[in-house]
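Work through the exercises below with the sequence and the model side by side. Each task is followed by its solution.

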Protein chains: 4
Amino acid sequence: MIGFIGLGLMGSRMARNLLEIGHELIVHNRTKEKAAPLLEAGAKWANSPKEAAEQADVLFTMLAHPKAVEAAAFGENGFLHHLSPEKLWVDCSTVDPSFTRQMAEEARKRGIRFLDAPVSGSVIPAEKGELVFFVGGDPKDLKKVEPMLNAMGKAIHYQGENGKGTAMKLVVNLMLAHSMAAFAEAVTLGEALGLETETVVNTLLNGPTAAPFLNGKREKILQRQFATEFPLAYMQKDLQLIAQAAYEHHISLPLTNVAKEIYGLASQNGWAQEDFSAIYSFLSTKKNNRLSP
Amino acid sequence: MIGFIGLGLMGSRMARNLLEIGHELIVHNRTKEKAAPLLEAGAKWANSPKEAAEQADVLFTMLAHPKAVEAAAFGENGFLHHLSPEKLWVDCSTVDPSFTRQMAEEARKRGIRFLDAPVSGSVIPAEKGELVFFVGGDPKDLKKVEPMLNAMGKAIHYQGENGKGTAMKLVVNLMLAHSMAAFAEAVTLGEALGLETETVVNTLLNGPTAAPFLNGKREKILQRQFATEFPLAYMQKDLQLIAQAAYEHHISLPLTNVAKEIYGLASQNGWAQEDFSAIYSFLSTKKNNRLSP
Amino acid sequence: MIGFIGLGLMGSRMARNLLEIGHELIVHNRTKEKAAPLLEAGAKWANSPKEAAEQADVLFTMLAHPKAVEAAAFGENGFLHHLSPEKLWVDCSTVDPSFTRQMAEEARKRGIRFLDAPVSGSVIPAEKGELVFFVGGDPKDLKKVEPMLNAMGKAIHYQGENGKGTAMKLVVNLMLAHSMAAFAEAVTLGEALGLETETVVNTLLNGPTAAPFLNGKREKILQRQFATEFPLAYMQKDLQLIAQAAYEHHISLPLTNVAKEIYGLASQNGWAQEDFSAIYSFLSTKKNNRLSP
Amino acid sequence: MIGFIGLGLMGSRMARNLLEIGHELIVHNRTKEKAAPLLEAGAKWANSPKEAAEQADVLFTMLAHPKAVEAAAFGENGFLHHLSPEKLWVDCSTVDPSFTRQMAEEARKRGIRFLDAPVSGSVIPAEKGELVFFVGGDPKDLKKVEPMLNAMGKAIHYQGENGKGTAMKLVVNLMLAHSMAAFAEAVTLGEALGLETETVVNTLLNGPTAAPFLNGKREKILQRQFATEFPLAYMQKDLQLIAQAAYEHHISLPLTNVAKEIYGLASQNGWAQEDFSAIYSFLSTKKNNRLSP
């Protein structure tokens, strides 16, 4: 039996793909209603993380931030005390490497196996089983869950010991945050200089300076509609994890820290729950900003 | 006869490609020695911009910044007063749109035709005739020089009236500056978190978050050797043009302005003349930065 | 006769103080209505900068930015061609040092004397004659206008040759912009951490970390009313002058450039015409910025 | 008996002032050698935090960061399990408010009284007993230690319940970090524009835009000697605490985050252990940063 905790935008789609390749699945989420489609499709409901842990051989977690993982693992009816030795916990949440190493240690102390396997990709890749996994931990444990990861993703990048999957995921999200924000500034500049939005967007997307994933944001920019694939507030959260990790490892990331604050300002101005490409909308806001003569 | 003023890293290679498709060419540069290979290959030498203008039907300029263009056009023995009406000036320099429009107006007053045709691409594409042109001006004028541009480049993006070629070029360079700096921060983060530089670089370059041109910077990063294709100080200069244009058009580009200053700090710390990918070297500098206990 | 061009928030009050110490005054402004109170009080009206120049022995300019100075000096009916040799032009506008040196050179070529004498202080000090002047140029020229400057200000800091008055003024405004923005961030932080706005403001203002001028912003912050003393858009403009000057002189000012962009974002969000302390209002904006669970 | 844990630059001087007003004092530090002058002056040595706790009625901690406090409190031979109920722990360390509230809760669970009482001021005020305390907690507890705080400081600002002392301290340090960095940029700008360093420094310090504490940095700037009063790396650490607290409370501090990274770059370039005013030295670095023509 596979356990799955965390049925948000991403988790619900990942769990669905596990179900579809024929696994028995027991799921838990903070609010039960999000589990409804999965339950209809045959998944079992666990009233708590503990209940999921008691029945699962492999337990996936896909939660919003380190504190949510901590709560599910150690909180009231948390799962960690209820996973028997040799069972495997796979954390797909985006957290920071020192948190991951801490979780790995907590698992190890109890004889529990642990993989960090955060994913790259948003709602649609999650739905299509086209996520990318960055994995840290023991290769034997990875071997065991490979078929499951393959059901949810199209690529698995093994990075080394526990924490390194998480590390690479942060690196990837740094790139994601920047590329999106840079594109937003570029389009805003083009418009201000009198170019057509569509011309700018197309010229950039067809050239060598735009990251390929930006093609997926083309329509959002052109329509100024930011249906959420990856919420802006989550991007801000990941940038905070990155900033914290950078500080702890004695490096400076000036652009990343500014990006963090600009996503933050966008968030404060009402875009937290929209797709993170809404940074464009925040930056291209133009209320009356001239002085009368 | 084609005139060509400005034989730097880029200009010398562009002129060479014009020569190779059989054009008669007269060239001028502030320091004559840079013209030597072209003169050997059959180009004529002009002692001043004026002399080039007197003999050329189409005059290309490829200069480092607006002030250099201004000096060549209006300075002592400048070319603008010596181009006869109906001749065509094609400015390939990266300048700002308001400067371009001012040059277009100066040309127009004298009956001279004018195109802004800045290029994207660095030394190697320049050498191979694989630059990309962004063109503003009258389509009939573009028609006339299309074969020449095709000798130097692989693509021509017509953008509209004068100034819009320059505008798009600034947009592209904004993307270039950011993508490089973001990649530098990403690799620095990955290293700090314990990942192998090569793993980080390869994982990013094979994924959807890295701009394709970054493949061309792979070896520089891995070898920490920054042989100049596009000097860091020129990138800083372009960012200054962008910041100025943004201010004049009432928009804010917070990330771009920070990128400008970080390239500036790299410059102050000795990287001005290296390739702009040396931003990585600046950001990943690690002198002793810990307090003793 | 003293000429005075530029009767904005500051200029009108400065001119009034000149009138009050008994000088004959001829004034010009782009829109005549702003001159009304001065004309009633006895000033003469000049229909153009030229007219003011023809009658004045000393001509003050107090304009919004370099382009406005350029227009008044060289535009249609500009004053520079109509100042006779040995007359004295005193530019109190905040511009950049290279512009100042260019103006000084234009004056010199015509035998006209020139001082750069930008001011520190806003509406109320202007009204009370308590401005601070930073002066560049020939000390003999300063001698001549000292009584006039003393009518408008409480202190005169002579800095050296032309351009150095302007330079010091930019340095001072850099401090002004930062101190205000830092105070805005500090108060915002304090509030977010649960402290009373008034406690935070008072503790800071009574301690050694707050610039003394911030006392004058206390009520604006506490009332969240930003009656304009120095418009936010002017601060943004000065920061742009500073950024340009910094680039030209090969230094990096990362914080100043970010401050510029944050004032810019505040401007875009509707605060351009308010006092620059309204940066607090922009930064402390809090629309719904949380993700639902 | 008073206990004192943490005898760094600040703590050693604070403890000395307690000793001098006649208190019996038991001290502990990670490295014993720093305690030598105090032991000579009559203080007792505790081999561990535990030993200090067992003998003290009031226990002060003055440590470098939250992790150091955590280690002293909960680590091997930590003090918290060895303070009897009703004893009072006063934490003078600069930490973040959520950490403080967590410590307060840990103390409360054990019946131990707790005050957060971080200080403003550096080595010299610490020596002279002229620190400023920001205090959070029960006023009755403050009453009890008031004479001790008065021995070490010249002012006590009571802020409210536990966590609010810490909160105000972060607000003050935000101002400190900015004012210093702004001053560094201002002086660098003035120098680049041709002004004398001393003129710029004096003009600013005598005007309303410079925070009063900057007078204490005057000589360091002019001599370019940065004898440590408050180490740059500590400022960077405090900015990291601030950034974290800001994120947790849903506000954006763009300037503060950039300041954090610029101190970080200064740190990476070798200035970590110098006084934080060495940010000036980093920003005004000028290696060859021009392109040859």
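Two exercises follow, on the domains of one chain and on a contact between two chains.

This is a predicted model, in which local features need pLDDT of at least 70 and side-chain atom pairs count only at pLDDT 80 or more, while totals for chains, interfaces and linings use all residues. Residues are numbered from 1 along each chain as its sequence is written, and chains are lettered from A and ligands numbered from 1 in the order in which they are written.

**Exercise 1.** Describe the helix and strand content of residues 2-159 and of residues 163-282 of chain A.

Step 1. UniProt, in an unreviewed entry, annotates residues 2-159 of chain A as "domain: 6-phosphogluconate dehydrogenase NADP-binding" (such annotations may be inferred rather than shown by experiment). This span is 41% helix and 23% strand (DSSP runs: H or I of at least four residues, E of at least two), with its end C-alpha atoms 24 Å apart.

Step 2. For residues 163-282 of chain A the unreviewed entry gives "domain: 3-hydroxyisobutyrate dehydrogenase-like NAD-binding". Here helix makes up 69% and strand 0%, and the end C-alpha atoms lie 34 Å apart.

**Exercise 2.** Work out which helices of chain C supply the side that touches chain B, and how the two chains are related.

Step 1. Chain C and chain B each bring 14 residues to the contact (C-beta atoms, placed from the backbone, within 7 Å). On the chain C side, α11 (232-248) and α12 (254-271) each supply at least two residues; α12(C) has the largest share, eight residues.

Step 2. A turn of 180 degrees and a shift of 0.0 Å along the axis lay chain C on chain B with an RMSD of 0.0 Å (least squares on C-alpha atoms of residues with pLDDT of at least 70 in both). That is the relation of a two-fold axis. The same surface serves both copies, as 100% of the contact residues of chain C recur in chain B.

Technical notes
Two residues are in contact if their C-beta atoms, placed from the backbone, lie within 7 Å.
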